[in-house]
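Please describe this model for a bench biochemist. Start with the pocket, then go on to the fold and to single residues.

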Amino acid sequence: MEWTTVETADGAKLSVRLFKPAAPVEDAEDVAVVLVHPYTILGGVQGLLRGMAQGLAERGHRAVTFDMRGAGRSTGRASLTGSSEVRDVVAVCRWVADTLKPRAVLLVGSSAGAPIAGSAVDKVDQVVGYVSIGYPFGLLASILFGRHHDAILKSEKPKLFIMGTKDGFTSVKQLQNKLKSAAGRVDTHLIEGAGHFQMEGPAFDAQMVDLIVNFIKSLPK
């Protein structure tokens, strides 16, 4: 694991952690994974994604977590709607592409990190796919994050939406209705009985890693 700092286009300095495989893993694709943490204003930080990042590294993928502006060790101020944080995701993805030089980058967003990551998907050419864990599509959450919906729904890049059937922010029907208008390949994976905040916990890390790795394997070479 290595620490570094990445500066955004508007001057925020982001604390970034790189998780590397200890040894090469046979059949692992050269796809780096950038993970975007939950809502900063509710205490979201990159440490919440550490288990998933470690699991991905063990499966042969370089994984990157970072504190968005105003979270953890990063400078700047968090925004209410996640609009400024899109620049953070873009800066980290470009740093990964330019510095680590993987064949491709996969973006993974958790909770409010999902809409923020979704708005960045088409802003970086090297990003080849997107995974959402608990995208908050529900009516109340859409007051804050509705401005992000169009970007991911109109993107032609492959998308995987993971959600618990007991998610308090988005019902299964709301998810299905939203995805009817989505472009390109759209996969969903529902976890029976899981709530929104449960899926952010360590008990689900191994399952999330499996889903992410299998999605990477399914992407066009």
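The largest pocket holds about 230 Å³ of space. Of the 16 residues that line the largest pocket, the closest to its centre are Tyr-39, Leu-42, Ser-111, Phe-169 and Phe-197. The lining divides into 11 nonpolar, 4 polar and 1 charged.

This is a predicted model: local features need pLDDT of at least 70, side-chain atom pairs count only at pLDDT 80 or more, and totals for chains, interfaces and linings use all residues. Residues are numbered from 1 along each chain as its sequence is written, and side-chain values use heavy atoms, with hydrogens and water left out.

Some terms come next. On a 1 Å grid over the protein atoms alone, a cavity is a set of points where a 1.4 Å probe fits but cannot get out. A pocket is an open set with protein on both sides within 12 Å along at least five of seven lines. Lining residues have an atom within 4 Å of a point. Grid points are joined across faces, edges and corners, and a volume is the space filled by probe spheres set on the points. Ala, Val, Leu, Ile, Met, Phe, Trp, Tyr, Cys and Pro count as nonpolar, Asp, Glu, Lys and Arg as charged, and the others, Gly among them, as polar.

A search of the whole structure finds 1 cavity of 30 Å³ or more. The largest cavity has about 40 Å³ of space. Its lining is made of Tyr-39, Thr-40, Ile-41, Met-68, Ser-79, Gly-82, Glu-85 and Ile-116. By class, that is 4 nonpolar, 3 polar and 1 charged residues.

Now the overall fold. The protein has 7 helices and 8 strands (DSSP runs numbered from the N terminus; helices are H or I of at least four residues, strands E of at least two). The radius of gyration, taken over C-alpha atoms, is 16 Å, close to the 17 Å that the globule rule gives for 221 residues, so the protein is as compact as a globular protein of that length. The globule rule is 2.2 Å times the number of residues to the power 0.38. Along the principal axes, the C-alpha atoms fill a box of roughly 40 × 40 × 30 Å.

Buried residues make up 56% of the 221 residues. Buried means under 20% relative accessible area, exposed over 50%, and partly exposed in between, with a 1.4 Å probe and protein chains only. Among contacts (heavy atoms within 4.5 Å) with a separation of 6 or more, 72% join residues 24 or more positions apart.

An unreviewed UniProt entry places the feature "domain: KANL3/Tex30 alpha/beta hydrolase-like" at residues 49-196. Such annotations may be inferred rather than shown by experiment. The span is 36% helix and 20% strand, and its end C-alpha atoms lie 15 Å apart.

Which residues of helix H3 are buried? Gly-113, Ala-114, Pro-115, Ile-116, Ala-117, Gly-118, Ser-119 and Ala-120 are. That is 8 of the 8 residues of H3 (113-120). Their cover includes strands E3 (31-36), E5 (104-110) and E6 (127-133), and helices H2 (85-100), H4 (139-145) and H5 (149-154).

Several single residues are set side by side here.

| Residue | Place | Relative accessibility |
|---|---|---|
| Ala-194 | loop between E8 (186-191) and H7 (205-218) | 2%, buried |
| Ser-15 | strand E2 | 6%, buried |
| Gly-11 | loop between E1 (2-7) and E2 | 32%, partly exposed |
| Lys-101 | loop between H2 and E5 | 59%, exposed |
| Asp-27 | loop between E2 (13-19) and E3 | 65%, exposed |

Ala-194 touches Gly-164, Thr-165, Lys-166, Asp-167, Met-199 and Phe-204, not counting residues up to four places away in sequence. The C-alpha atoms of Ala-194 and Lys-166 are separated by 5.3 Å, with their positions 28 residues apart along the chain.

Leaving aside neighbours within four places in sequence, Ser-15 is in contact with Trp-3, Thr-4, Gln-46, Thr-65, Phe-66, Asp-67, Arg-73 and Ser-74. Ser-15 and Thr-75 are 60 residues apart in sequence and 8.5 Å apart, C-alpha to C-alpha.

Most residues other than glycine have a negative phi. Asp-27 has a positive phi of about 75 degrees. Phi of Lys-101 is also positive, near 50 degrees.
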